Amino acid sequence: KSAKVQPGDPPVDVNAADETDLQRLPGIGPTLARRIVEARGLERFQKPDDLRRVKGIGAKTLQTLRPHVVCR
């Protein structure tokens with residue numbers, strides 16, 4: 001399993017990352033990683049705040065994720 005993202009690491013593109021890469025994000029385990037992949041299959045993420053539509057990602061988790069994600 002890959003190590004969690006560290007400060008200074010390049011951000012993870014939530015529209016391109018696979019489930020393994022998504023699990024490097026703080027607070028994201030296998031279940032949330034799968035939900036992110038499913039959600040972007042329906043509609044791509046335009047901005048990090050769009051992650052809020054994924055069940056299980058609330059304001060607090062989003063706050064933690066924001067510095068580590070991009071939407072390309």
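This is a short tour of a predicted model, stop by stop, with something to select at each one.

**Stop 1: the whole chain**

Start with the full chain in cartoon view and colour it by secondary structure. You should find three helices and two strands, and reading from the N terminus the elements follow the order β-α-α-α-β. Next, show the C-alpha atoms alone: along the principal axes they fill a box of roughly 30 × 20 × 20 Å. The radius of gyration is 11 Å, which agrees with the value near 11 Å that a compact globule of 72 residues would have.

Now switch on the surface. The accessible surface is about 4300 Å², and carbon and sulfur atoms account for 51% of that area. Of the 72 residues, 33% are buried. If you like contact maps, look at the pairs with a separation of 6 or more: 36% of these contacts join residues 24 or more positions apart. Before moving on, colour by charge. The chain has 14 positive and 9 negative charges, and the mean positions of the two sets lie 5 Å apart.

**Stop 2: the nonpolar core**

Hide the surface and select Leu 22, Leu 25, Ile 28, Ile 36, Leu 51 and Ile 57 as sticks. These are the residues with the most contacts inside the largest nonpolar core, which has 18 residues. Helices α2 (30-42) and α3 (59-65) each supply at least two residues of this core, and α2 gives the largest share, with four.

Which residues does Ile 28 touch, leaving aside those up to four places away in sequence? Centre on Ile 28 and you will find Lys 4, Leu 22, Gln 23, Ala 33, Ile 36, Ile 57 and Leu 65 around it.

**Stop 3: His 68 and Pro 11**

Move on to His 68, in the loop between α3 and β2 (69-70). Is this residue buried or exposed? His 68 has a relative accessible area of 17%, so it counts as buried, the cut-off being under 20%. Beyond residues up to four places away in sequence, His 68 touches Val 5, Pro 11, Val 12, Leu 25 and Pro 26. Leu 25 is one you have already selected among the core residues with the most contacts. For a distance check, draw a line from His 68 to Gly 29: the two are 39 residues apart in sequence, and their C-alpha atoms are 15 Å apart.

Now follow the contact across to Pro 11, which sits in the segment before β1 (12-13). Pro 11 is partly exposed, at a relative accessible area of 34%. With residues up to four places away again set aside, Pro 11 touches His 68, Val 69 and Val 70. Measuring from Pro 11 to Leu 51, 40 residues along the chain, should give 15 Å between the C-alpha atoms.

**Stop 4: Ala 16 and Asp 21**

Finish with two residues around the start of α1. Ala 16 lies in the loop between β1 and α1 (19-22), and its relative accessible area of 57% makes it exposed. Its C-alpha atom is 15 Å from that of Leu 32, 16 residues away in sequence.

Asp 21 belongs to helix α1. This residue is partly exposed, with a relative accessible area of 33%. For a last distance, pick Gly 58: the C-alpha atoms of Asp 21 and Gly 58 are separated by 20 Å, with their positions 37 residues apart along the chain.

Conventions
Residues numbered from 1 in each chain as written. Predicted model: local features only at pLDDT ≥ 70, side-chain atom pairs only at ≥ 80, totals over all residues. Heavy atoms only, no water. Buried < 20%, exposed > 50% of the residue type's maximum accessible area, 1.4 Å probe, protein only. Contact = heavy atoms within 4.5 Å. Rg over C-alpha atoms; globule rule 2.2 N^0.38 Å. Areas by Shrake-Rupley, 256 points an atom, 1.4 Å probe, with all protein chains shown as cover. Lys, Arg positive; Asp, Glu negative; His and termini not counted. Charge placed at Lys NZ, Arg CZ, Asp CG, Glu CD. Core = buried A, V, L, I, M, F, W, Y, C linked by side-chain atoms within 4.5 Å.
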